[in-house]
Amino acid sequence: MEELRPYFEGYSTNPTERNKLSMEYLALCQKLLKQAGVTIIPSVSPMELTVIDSEQTPVFDTSVPMDMQLQLTGLHRRTIDGYGKIIGSSNTEQALVLSAYIPQHKGDIDRGVGIPLIYVLTYEKSKITAAQDCAFIRGRLMTFEEMEPYKIYEDEQYACYDVSPLFYSDLRRHVESMVSQRSDVYFDDQIWVRVQNIYNYYKENLGKLLGYRD
C-alpha cells in the first residue's frame with residue numbers, strides 16, 4: 001500500500017527509533033485496513049505445527065560433519081523480518097522463519113549468524129470464508145485467491161504459505177544485504193554454496209516436512 005511504502009524503504013540502526021517507526025506503522029495500518037472495506041484474516045502460529053526433520057539428513061556443507069548438518073539451519077517464530085520490519089498487521093502475528101547459519105570466522109562450524117531465508121505464514125481455514133478474504137503481509141493486502149500459488153501445506157485446520165517472494169526476489173542480493181548489516185560474519189563462495197543448498201532443499205521439501213510433533 002502506497003501510504004505504507006516509506007516504512008519499508010527506510011532503515012534505522014537505532015532501536016528506539018525503530019520502535020517508534022513500528023508503532024507509527026501499526027497505527028497507520030489499523031487506520032488504512034479499517035478503510036479498506038475487506039475481511040482481513042490474521043495469521044496464527046500454532047506451536048504444535050512445525051518442521052519435522054527428515055529421516056535422511058541432507059548435506060548442506062561438505063566441510064561440516066554429517067551429524068552437524070541440521071545445526072546449520074535455524075527455525076524461529078518472528079514478528080519482524082531480517083530488517084526489523086513488522087510482518088503482519090499487529091505485533092503479535094508471527095511467521096515461521098527458516099534461516100541459514102553462517103560463521104562469524106573462517107573455519108567456524110558452530111551456529112554463527114542466522115540469515116532468514118524462508119517465511120511461512122499459517123492461517124486457520126475456518127476463518128477464511130471467501131476467496132476474496134485478505135491476508136495482510138508486509139504492507140500488502142492479498143486475497144486468498146492470490147495467495148493460492150504460495151500454499152505449501154494444508155490439513156483440516158490450517159493452511160500454510162511460503163511467502164518469501166513477498167520479502168525478496170533475488171536470493172544472492174538478499175543474503176548479501178543481510179550480511180552487510182553485520183561486521184561479525186565470514187562469507188565466501190563456500191558459505192554461499194551452503195546457503196544455496198539450504199534454500200533449495202527447503203524450497204523443494206518444506207511442504208512435505210511440515211507436520212505435528214508428537
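**Aromatic contacts in the predicted model**

1. Arg172 lies over the face of Trp192, 4.7 Å from the ring centre. This is a computed contact in a predicted model. A second charge-over-ring contact involves Lys85: its charged end sits over the ring of Tyr7, at 4.4 Å from the centre.

2. Ring-to-ring contacts come next. With centres required to lie within 6.5 Å, the count is 11 aromatic pairs. One of them joins Tyr7 and Phe8, whose ring centres are 5.0 Å apart; their planes meet at 80°, so the pair is edge-to-face, the cut-off for that class being over 60 degrees.

3. Tyr7 also belongs to an aromatic cluster, which it forms with Phe8 and Tyr25. Is Tyr7 buried or exposed? Its relative accessibility is 10%, and Tyr7 therefore counts as buried, since the limit is under 20%. The ring that carries the Lys85 contact is thus part of a buried residue.

4. Tyr123 and Phe144 form another aromatic pair, also edge-to-face. Their centres are 5.0 Å apart, with 85° between the planes. Which parts of the chain does this pair tie together? Tyr123 is in strand 4 (residues 113-124) and Phe144 is in helix 3 (residues 144-147), so the contact links parts that are 21 residues apart in sequence.

5. On burial of that pair: Tyr123 has a relative accessibility of 1% and counts as buried. Phe144 is buried as well, with a relative accessible area of 5%. The strand 4 to helix 3 contact is therefore made between a buried Tyr123 and a buried Phe144.

Definitions and conventions:
Residues numbered from 1 in each chain as written. Predicted model: local features only at pLDDT ≥ 70, side-chain atom pairs only at ≥ 80, totals over all residues. Heavy atoms only, no water. Phe/Tyr/Trp six-rings, centres within 6.5 Å; stacked < 30°, edge-to-face > 60°. Buried < 20%, exposed > 50% of the residue type's maximum accessible area, 1.4 Å probe, protein only. Helix = DSSP H or I, 4+ residues; strand = E, 2+ residues; numbered from the N terminus. Lys NZ or Arg CZ within 6 Å of the ring centre and 35° of its normal.
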